[in-house]
Amino acid sequence: MARVIHVFRQPDRFIAGTVGQPGERSFYLQASEDVRKVSVQLEKQQVSVLAERIGALLEEVALRFDTEVPGAAPEAVIDVEPLDVPVEEEFRVGTMGLGWDAETHAVVIELLAMTEEEVDESVVLDDTEEGPDALRVFLTPLQARAFAARAERVVNAGRKPCPLCGEPLDPAGHICPRQNGYRRGDEG
């Protein structure tokens with residue numbers, strides 16, 4: 001079967017979002033342009049790394065290509081709306097690629113479907129017939145900053161960390177290893 005590459009050259013939206021309650025959330029990236037919409041599922045850590053790497057890429061672009069890049073995205077351009085529903089997963093992300101298109105002055109994000117075998121680096125950001133399905137999105141530097149800002153918020157919107165051990169606090173309770181199994185307020 002031929003490889004499917006979903007390309008969004010001028011997306012109306014490209015956002016990170018979640019479905020589910022904190023502690024049981026599924027993370028998605030969703031691209032939409034006109035009536036077309038593609039959603040891919042990935043891990044929380046992948047969302048965090050992508051946001052971090054976008055920031056690093058933009059800093060590098062500013063230095064290397066003497067290109068004007070925004071230092072931060074103004075609040076007004078950060079998309080705070082939820083994912084478009086229904087969220088229908090196209091594939092689960094295995095490999096991610098990130099690059100700069102000097103011709104169009106765009107950040108290029110490519111997300112490749114998870115596969116059983118290892119992905120050859122040459123298929124990332126390439127249109128070869130062989131390889132996993134992919135989602136490729138082109139973003140202006142401002143759109144990339146706004147995506148990264150929202151992605152960081154989505155990642156940090158989960159369960160609050162325990163002030164002592166840093167582990168996520170569960171609504172059902174948390175036995176902190178720093179308290180030797182005792183809960184605060186259980187003294188009697």
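Which residue takes a positive phi near 55° in the hairpin of β5 and β6? It's His-105, and that hairpin has four residues between the strands. We'll get back to it in a minute.

First, some ground rules. This is a predicted model, where local features need pLDDT of at least 70 and side-chain atom pairs count only at pLDDT 80 or more, while totals for chains, interfaces and linings use all residues. Residues are numbered from 1 along each chain as its sequence is written, and side-chain values use heavy atoms, with hydrogens and water left out.

Okay, the overview. The protein has two helices and seven strands; by helices and strands I mean DSSP runs, H or I of at least four residues for helices and E of at least two for strands, numbered from the N terminus. Starting at the N terminus, the order reads β-β-β-β-α-β-β-β-α. The C-alpha atoms fill a box of roughly 70 × 40 × 30 Å along the principal axes. There's a domain assignment too, with domain 1 at 5–157 and domain 2 at 162–187; such bounds come from an automatic or database assignment. The C-alpha centres of those two domains lie 35 Å apart.

Now the sheet. It's open, it has seven strands, and the order is β1-β7-β6-β5-β4-β3-β2 with mixed pairing. Two strands count as paired if DSSP finds at least two bridges between them. At the edges sit β1 (5–8) and β2, each pairing on one side only. From one strand to the next, the twist averages 30°; angles here are between N-to-C directions and run from 0 to 180 degrees, with axes fitted to C-alpha atoms, for helices over the stretch in contact.

Let's walk through some pairs. β3 and β4 run antiparallel, joined by seven bridges, and Ser-32 sits opposite Lys-37 in β4. β5 and β6 are also antiparallel, with eight bridges, and there Asp-101 faces Ala-106 in β6. Then β6 and β7 pair antiparallel over six bridges, with Glu-110 opposite Arg-136 in β7.

Stay with β6 for a second: eight of its eight residues are buried. Buried means under 20% relative accessible area, exposed means over 50%, and partly exposed is in between, using a 1.4 Å probe and protein chains only. In a regular strand the side chains alternate between the two faces of the sheet. Here, Ala-106, Val-108, Glu-110 and Leu-112 point one way, Val-107, Ile-109, Leu-111 and Ala-113 point the other, and all are buried.

On to the helices. α1 packs on the sheet, touching β2, β3, β4, β5 and β6, and its direction makes about 15° with that of β5. Contact, by the way, means heavy atoms within 4.5 Å. The buried residues of α1, including Val-47, Leu-50, Ile-54 and Leu-58, pack against β2, β3, β4, β5, β6 and α2. As for length, α1 has 21 residues and at 1.5 Å a residue should span 30 Å, and its end C-alpha atoms are indeed 30 Å apart; the expected span is 1.5 Å times one less than the number of residues. The other helix, α2, lies across β2, β3, β5, β6 and β7, at about 5° to β2.

So what's in the middle? The largest nonpolar core has 33 residues, and those with the most contacts inside it are Phe-14, Leu-29, Leu-135 and Phe-147. A nonpolar core here is a set of buried Ala, Val, Leu, Ile, Met, Phe, Trp, Tyr and Cys residues joined through side-chain atoms within 4.5 Å. α1 gives the most to this core, with seven residues. Take Phe-14: among its contacts are Leu-29, Ile-109, Leu-135 and Phe-147, leaving out residues up to four places away in sequence.

Last, the backbone oddities. Most residues other than glycine have a negative phi, and most peptide bonds are trans. Back to His-105, then: it lies in the loop between β5 and β6, and at 42% relative accessibility it counts as partly exposed. Asp-34 has a positive phi of about 55° too, without being a glycine. Asp-34 sits in the loop between β3 and β4 and is exposed, at 70% relative accessible area. Asp-66, which follows α1, has a positive phi near 50°. And a cis peptide bond joins Val-85 and Pro-86, with omega about 0°; Pro-86 lies in the loop between α1 and β5.
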